[in-house]
Amino acid sequence: MIEWTHVDDQLLAYGTLKNDLLFHKIPKENYLYYINESLKLGKQKAKTYKHLSVEELCQKNHIEISYNKQSGKFYGVQFRAQIELKKDYRKIILYMDSLCEMLEASQKYIDEQITFEDIVQIHLAHELFHFYEYIDQQPTNERLDRIVRFHLGPIKLHSTVMSSCEIAAHAFAKELLHLNDLPNVYDYILLIHQKEMTIDGFQTLQEQWRREIGE
């Protein structure tokens, strides 16, 4: 196993923020606002449920946990988990093949002792946060300032920053499960495992992110 070092929450959150479709519309001076507020909201929500396990939270909210043997790849996008909220049922679907690949990568690069159940817990917690956003009618992006996506003379069109929901969900999972890093670190570990990125390349990327957010 290769020795892995902790990655700062702000950097991992920024990696998620950069994936936002409207990232180019976010003023640079507001990067840390969206990062820190999203992290704070996710962490605060987790503290509400700190005495309950992920399974207990699912049971309490009548959420079925379903294991799917398919890869979870749809139209070129790889899913490891997703939540379905219908009028008559609530379900979190976990895609076994994708989770097993993440387990293999995690054992190689982070911790040989990590188990499949650990990986499952992370993904359940992430989807649970989105459930709470839905049921409380308080999606993270709607709680933060809007950005101007179009400006022509006196006309201004505003939008929310959707990636803030993902950042908050990562923070929720980290706090609830007492993780060392935001769980999207596993996305980069998987890229390294798949030879699409190197460890040195990830370190260089972190240095670039640090410069961009002005740490």
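This note goes through the predicted model in numbered points, from the overall fold to single residues.

1. Overall make-up. The protein contains 9 helices and 7 strands. Its radius of gyration is 18 Å, close to the 17 Å given by the globule rule for 215 residues, so the protein is as compact as a globular protein of that length. Along the principal axes, the C-alpha atoms fill a box of roughly 55 × 45 × 35 Å.

2. Burial and contacts. Of the 215 residues in the protein, 45% are buried. Among contacts with a separation of 6 or more, 70% are between residues 24 or more positions apart.

3. Surface and charge. About 12000 Å² of the protein is exposed, and carbon and sulfur atoms supply 49% of that area. There are 25 positive and 32 negative side chains. The centres of these two sets lie 7 Å apart.

4. Aromatic pairs. The structure holds 12 aromatic pairs. One of them joins Tyr14 and Trp209: the ring centres are 6.5 Å apart and the planes stand at 85 degrees, so this pair is edge-to-face. The reasoning rests on the cut-off for the angle, since planes over 60 degrees apart count as edge-to-face. As for the elements involved, Tyr14 belongs to helix α1 (residues 9-17) and Trp209 to helix α9 (residues 199-213), so the pair ties together parts that are 195 residues apart in sequence.

5. Setting of that pair. Are the two partners buried or exposed? Tyr14 is buried, with a relative accessible area of 1%. Trp209 is buried as well, with a relative accessible area of 4%. Both values fall in the buried class because that class takes in relative accessible areas under 20%.

6. The cluster around it. Tyr14 and Trp209 also belong to a cluster that is linked by ring pairs. The other members of this cluster are Phe23, Tyr31, Tyr188 and Phe202.

7. Leu152. This residue is found in strand β6, which covers residues 147-152. Is Leu152 buried or exposed? Its relative accessibility is 53%, and Leu152 therefore counts as exposed, the cut-off for that class being over 50%. Measured against Tyr33 in the model's geometry, the C-alpha to C-alpha distance of Leu152 is 25 Å, while the two residues are 119 residues apart in sequence.

Note on methods. Residues numbered from 1 in each chain as written. Predicted model: local features only at pLDDT ≥ 70, side-chain atom pairs only at ≥ 80, totals over all residues. Heavy atoms only, no water. Phe/Tyr/Trp six-rings, centres within 6.5 Å; stacked < 30°, edge-to-face > 60°. Helix = DSSP H or I, 4+ residues; strand = E, 2+ residues; numbered from the N terminus. Buried < 20%, exposed > 50% of the residue type's maximum accessible area, 1.4 Å probe, protein only. Rg over C-alpha atoms; globule rule 2.2 N^0.38 Å. Contact = heavy atoms within 4.5 Å. Areas by Shrake-Rupley, 256 points an atom, 1.4 Å probe, with all protein chains shown as cover. Lys, Arg positive; Asp, Glu negative; His and termini not counted. Charge placed at Lys NZ, Arg CZ, Asp CG, Glu CD.
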